[in-house]
Amino acid sequence: MLKIKKKILFCAAEAAPLAKIGGLADVVDSLPPALKKQGVEVRVIMPAHGSISLRFWRAKKLASFSVNFGKKKERVVLLSAKVEGVHYYFLQSKNYFSGAVYGENTLDKYLFFSQAVAASMPFLAFTPDIIHAHDFHTAGVLLTYLQKSDYPRPKLVLTIHNLQHQGWVSASKFKSFGFNPDIVPAAAKNKAGNWVNILAAGIMAADKITTVSPSYAQEIMTKKYGQELEKLLISRQNDLVGILNGLDVVSYNPATDKALAFNYNRINLVAGKAINKQALRSYFGLSDSPIPLLALVARLSDQKGIDLFNLNKLKTLIKKYPFQLIILGTGEKKFESLASSLAVNLPEAVRAEIAFDDVLARNLYAGSDYFLVPSRFEPCGLTQMIAMRYGSVPIVRATGGLKDTVIDGYNGFVFKNYTDSSLLSSLQRALRLYYQEPDKYQALRRAGMSADWSWQASVPRYLDLYNSL
Ligand code: GLC
């Protein structure tokens, strides 16, 4: 493998274990160490969100400076810390960064963050060859380079983890944060030219664009999945690449995961999973009978397929092939209520835990027989990979990274259409297999558990990308 000496600065809103809302945090946490093993120096810069304990991470103050943006001025403190071996920079600002990762002021927060990152460059003691921004929140960092005449500038990479979130900002607000709307190409604005789409502008500004699975890279160039940016993405197709995410296989390892009721591996898989299943059932007050346990762990948004669970059809299916289902997640009220109402209407079989709970999530991977990811779209999806690593067989919709990791009849079940009947028929196939062909079911489980879900396959692709710049 080619070794490169490039220095890379990741810009991100989330990184586990510091601040995690979704899969973005896992990727920002686990990709830098995987690249580091290949000799690439990656550092991460993020806001010092209110929930991050800088003291716990022994963060040291590097500098304090003021950021001039538009007609305003704001004090920012730059700190740094080693987090699990990776060098992190945190930007602290009372007015902009002390709250939650996302919220009402998300746009202001990240427009300011982008300017603050640019202003922090002289204080980093690190001159990046490549700035690698993740999602629309930090795409603004790339836009700060549109205004600079300094040359050579670092090369710019943008990774799209989710095209649904784009960040529309009025040209006047954009200006008030120190950006010049006039140098944003028309393709990244509305027709009247008085609103800027931050993600689209980032796509135009980046030297290379990546997304998190090969299938999603293709899908986003179509009308169905392009979220109205398909034409723009087609215009950049020569610089767009889909690289599948990997997992942190040390953290997600059923043989050592401290969150589990019982650790197991491929050898004591059947007994090990049975103990975890029993623990889950007693936690949730579900009966202990020889029926399959299904799990779903997700942000409860319109992306995740919660609306595909049709109560009457589930009732009929449960009569034919009894099963239990546990749903874990938080999100939009509408989908939280949908999940809760399934539990209320099927009290013997369904539980809905409206919470964000990493320990419980890990116990669901370990204790379940099947894991559901019925997404409308899924850029990559990490949960199906974690589920397979923990010996839970995934049932997924054929989209994005789900399509790239789950093969029907080999390591899971895949359904095509985003309809309740399509989901139902795959559930029926899975349940029938569980009851009627237990050996085949075990073979699916073992296939998922034997695969390598680490970053190993994808890191060379990032190295090629960085080397090409
Ligand atoms: C977003 C996507 C998800 C992906 C994750 C990490 O959360 O919705 O599919 O796995 O980012 O890239």
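In the next few minutes I will go through the domains of this chain, the surroundings of its ligand, and its cysteines.

Please keep in mind throughout that what we are looking at is a predicted model.

Let me start with the overall layout. The chain is divided into two parts, domain 1, which covers 7–246 + 456–467, and domain 2, which covers 269–450. If we take the C-alpha centres of domain 1 and domain 2, they lie 33 Å apart, and where the two meet, 20 residues of domain 1 are in contact with 18 residues of domain 2.

Now to the ligand. Which domains supply the residues of the shell around it? Both domain 1 and domain 2 do, since the shell draws at least three residues from each of them. There are 14 residues around the ligand, and those that come nearest are H161, N245, E378, C380 and G381. Sorted by character, the residues of this shell divide into six nonpolar, six polar and two charged.

Let us look at individual atoms next, beginning with H161, where an N or O atom of the side chain is 2.6 Å from an oxygen atom of the ligand. In N245, a polar side-chain atom lies 2.8 Å from a ligand oxygen. With P379 the backbone is involved instead, as one of its N or O atoms lies 3.4 Å from an oxygen atom of the ligand. As for how far the ligand is covered, on its own it has 310 Å² of accessible area, and the protein covers 94% of that.

Finally, a word on the cysteines. How many disulfides does the structure hold? The number is zero. Is C380, which we met among the residues that come nearest to the ligand, buried or exposed? C380 counts as buried, because its relative accessibility is 3% and the cut-off for that label is under 20%. The same reasoning applies to C11, which counts as buried because its relative accessibility is 0%.

To close, I would come back to the ligand, whose shell takes residues from domain 1 and from domain 2.

Terms used: Residues numbered from 1 in each chain as written. Predicted model: local features only at pLDDT ≥ 70, side-chain atom pairs only at ≥ 80, totals over all residues. Heavy atoms only, no water. Near = heavy atom within 4 Å. Polar contact = N/O pair within 3.5 Å; in protein donor to acceptor, adjacent residues only side chain to side chain. Areas by Shrake-Rupley, 256 points an atom, 1.4 Å probe, with all protein chains shown as cover. Nonpolar A, V, L, I, M, F, W, Y, C, P; charged D, E, K, R; others polar. Domains from an automatic or database assignment. Disulfide = S-S within 2.5 Å. Buried < 20%, exposed > 50% of the residue type's maximum accessible area, 1.4 Å probe, protein only. Contact = heavy atoms within 4.5 Å.
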